[in-house]
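User: Could you take a close look at one part of this model for me, the sheet, and then carry on to the packing around the rest of the chain? I'd be glad of one connected answer.

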Amino acid sequence: MMKDVTCRVIGQTPLTAGYWALDMEAPGLAEAARPGQFVHVRVPGLEPIALRRPFSIFGAEGTTLKLLYKTVGRGTSQMNRLAPGDPVQVIGPLGNGFPLEPRGEPLLVAGGYGVAPLAFLAGRLPTKGVVLIGGRSADDVLAVTAFERLGWTVRVATEDGSLGETGLVTVPLDRELARLHEAGATPELFSCGPDGLLRAVGERAIQAGCRGWLSLDKHMVCGVGACLACVQRLRREDGTEWIGRVCRDGPVFEAREIVW
Amino acid sequence: MKSMSDLDMRVDLGGIRMKNPVTVASGTFGYGAEYAKLVDVTRLGAITVKGIRLQPWPGNPLPRHVEVPGGMVNAIGLQGPGVEGFVRDYMPFLRTTGVPVIVNIWGTSEEEYAEVARRLSEVEGVSGLELNISCPNVKEGGNAFGTDPRAVASLVAAVRRATRLPLMPKLAPNVPDIRLFVRAAQEAGADALALINTLPAMVIDIETRRPVLANKVGGLSGPAIHPVAVKLVWEAAQVARVPLLAMGGIVGPDEAIEFLIAGASAVAVGTANFIDPTTPLRVLEGIEAYLRRHGMNAVAALTGSLCMTNPATNVEP
């Protein structure tokens with residue numbers, strides 16, 4: 001159940017250029033967090049008025065909540081100034097999260113900081129599999145060793161070829177899907193990243209006849225379903241369409257639900 | 001220190017009986033249930049819900065909002081479930097709160113407004129109607145009615161004939177003289193007036209040279225509009241014979257108290273709900289503390305208590 005909690009910063013760790021991991025003491029919130037859920041952060045120092053910023057949960061252990069962020073604007077730059085002991089107002093855990101009982105071989109597909117909820121998921125899924133991480137360059141490829149430590153096989157693709165193979169992450173994805181197909185195994189896709197990637201992953205899930213869980217990254221205002229700023233056209237099983245709220249009805253949707 | 005019960009916080013907002021003067025602005029609090037886990041909604045003076053029309057309405061394409069210094073610009077476009085969907089899906093929870101429910105209504109014709117009002121009149125638990133005649137984000141309806149005093153008078157009169165529920169038009173801020181609209185609305189049968197709605201606004205992405213909002217334009221809310229709202233509430237209060245519900249940029253008790261002093265009987269917290277959902281309750285507690293500090297025992301004593309005399313001469317300028 002969601003709460004509005006005063007968290008305390010434990011510390012920040014630089015990852016690659018521009019990317020940071022923020023650890024906070026979040027009693028009552030961290031314990032309840034499930035992979036794919038997010039938190040809505042009131043960044044201190046942006047007073048009196050700045051909207052909260054939503055972040056996928058990168059990890060939760062005991063009462064520690066871990067977030068991953070990239071310094072891209074006013075809010076994340078200010079977040080970067082947080083020091084150990086600083087209080088931060090956080091609402092969460094929010095949203096539905098990924099299912100934790102896959103019917104097939106889990107295949108994780110991350111784009112940039114979309115790796116955050118998948119790293120959390122990798123530690124909570126009962127079976128290990130392959131994780132594919134894509135980014136523009138090596139700096140956008142995160143959490144590789146974290147996945148490896150958990151026993152996952154990591155494949156990397158960068159658009160500029162600075163790490164792993166050159167090109168889009170959908171290339172190694174297609175190879176993995178072909179391999180599983182030949183082995184007679186059913187994959188189950190989990191993805192988070194920009195809309196273009198999610199759409200490509202969703203199309204492949206539908207083509208392969210397997211489930212594809214896509215975590216949408218939309219700008220949000222309230223985070224709890226009240227303001228209707230982060231809506232998405234969705235399809236029910238009977239084919240009728242409806243307008244859902246990414247924050248409340250998602251952010252994770254099955255590929256067939258989304259009307260792009 | 002006086003106990004809570006020594007203060008009379010009750011407000012009669014044109015027939016909407018509130019136990020305290022603090023409600024929420026339409027569109028910033030969903031239908032109440034969304035925030036119920038984060039804030040004790042039963043402590044609110046009233047719950048004002050998102051605008052609804054007769055039929056379900058999809059709203060605008062995304063992006064629907066953008067943050068700006070001092071607030072945000074939104075163009076949600078009044079997405080909503082229609083009267084039937086609202087009554088079926090949201091009224092059951094709202095009834096459990098025991099708090100007056102103010103339903104914000106809109107339409108694209110006088111007939112639609114009147115029909116929505118007629119249907120809601122039969123719904124148990126609806127305490128009043130806020131007539132949305134000032135939303136900048138829908139092509140028809142909304143602001144089209146709100147910027148012509150004759151159109152306001154005609155619309156209010158039409159809805160008045162359709163319902164006995166307390167009727168509270170929400171006035172547009174972007175008019176040359178708010179007093180004309182106050183007079184037009186109250187003479188046509190309004191029981192209270194709400195002001196202000198968002199200010200029409202636009203944001204451009206200079207890299208792409210495109211409007212940031214899919215709707216191109218939207219409504220500005222947040223602390224940036226607060227002084228604008230105070231001035232309009234003060235002007236409205238000079239000619240109003242009905243109580244005023246004031247909103248616009250409240251982030252804490254101070255802005256709310258300003259509105260009360262300017263002439264409002266009650267206040268609504270809007271954009272601040274998104275940042276701190278406990279704002280309405282902080283505002284309430286802050287008003288109570290202010291009354292105690294100033295030796296006042298009723299919030300009504302604060303309404304319209306603006307001092308206009310020159311402190312040096314004690315003469316009105």
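Analyst: Happy to! In chain B of this predicted model, four strands form an open sheet in the order E5-E6-E14-E11, and their pairing is antiparallel. At its edges sit strand E5 (65-68) and strand E11 (199-202) of chain B, each of which pairs on one side only. From one strand to the next, the twist averages 35°.

Zooming in on one edge, E5(B) pairs with strand E6 (residues 71-74) of chain B in the antiparallel sense, over 4 bridges. If you want a spot to centre your viewer on, pick Val66(B), which stands opposite Val73(B) in E6(B).

Now for the helices of this chain. Two packed helices are described by the angle between their axes and the distance between the axes. Helix H6 (residues 178-187) of chain B packs against helix H7 (residues 226-239) of chain B at an angle of about 45°, and their axes are 9 Å apart. Because an angle between 35 and 65 degrees falls outside both the roughly parallel and the roughly perpendicular ranges, H6(B) is oblique to H7(B). The crossing of H6(B) past H7(B) is right-handed. On the H6(B) side, the contact is made by Ile178(B), Arg179(B), Val182(B) and Arg183(B), while H7(B) brings Leu232(B), Glu235(B), Ala236(B), Gln238(B) and Val239(B). Sorted by class, the contact of H6(B) with H7(B) has 5 nonpolar, 1 polar and 3 charged residues.

A second helix pair can be read in the same way. Helix H8 (residues 253-262) of chain B and helix H10 (residues 279-293) of chain B have axes that come within 8 Å and cross at roughly 60°. Here, too, H8(B) passes H10(B) in a right-handed crossing. Pro253(B), Ala256(B) and Ile257(B) of H8(B) meet Arg282(B), Val283(B), Gly286(B), Ile287(B) and Tyr290(B) of H10(B). By class, the contact of H8(B) with H10(B) has 6 nonpolar residues, with 1 polar and 1 charged residue beside them.

Last, the partner chain. The contact between the chains takes 21 residues from chain A and 26 residues from chain B. The side of chain A that touches chain B has 16 nonpolar, 2 polar and 3 charged residues.

Technical notes:
Residues numbered from 1 in each chain as written. Chains lettered and ligands numbered in written order. Predicted model: local features only at pLDDT ≥ 70, side-chain atom pairs only at ≥ 80, totals over all residues. Axes fitted to C-alpha atoms, helices over the stretch in contact; angles between N-to-C directions. Helix = DSSP H or I, 4+ residues; strand = E, 2+ residues; numbered from the N terminus. Parallel < 35°, antiparallel > 145°, perpendicular 65-115°, else oblique. Left-handed = near helix turned anticlockwise from the far one by under 90°. Contact = placed C-beta atoms within 7 Å. Nonpolar A, V, L, I, M, F, W, Y, C, P; charged D, E, K, R; others polar. Pairing = 2+ DSSP bridges.
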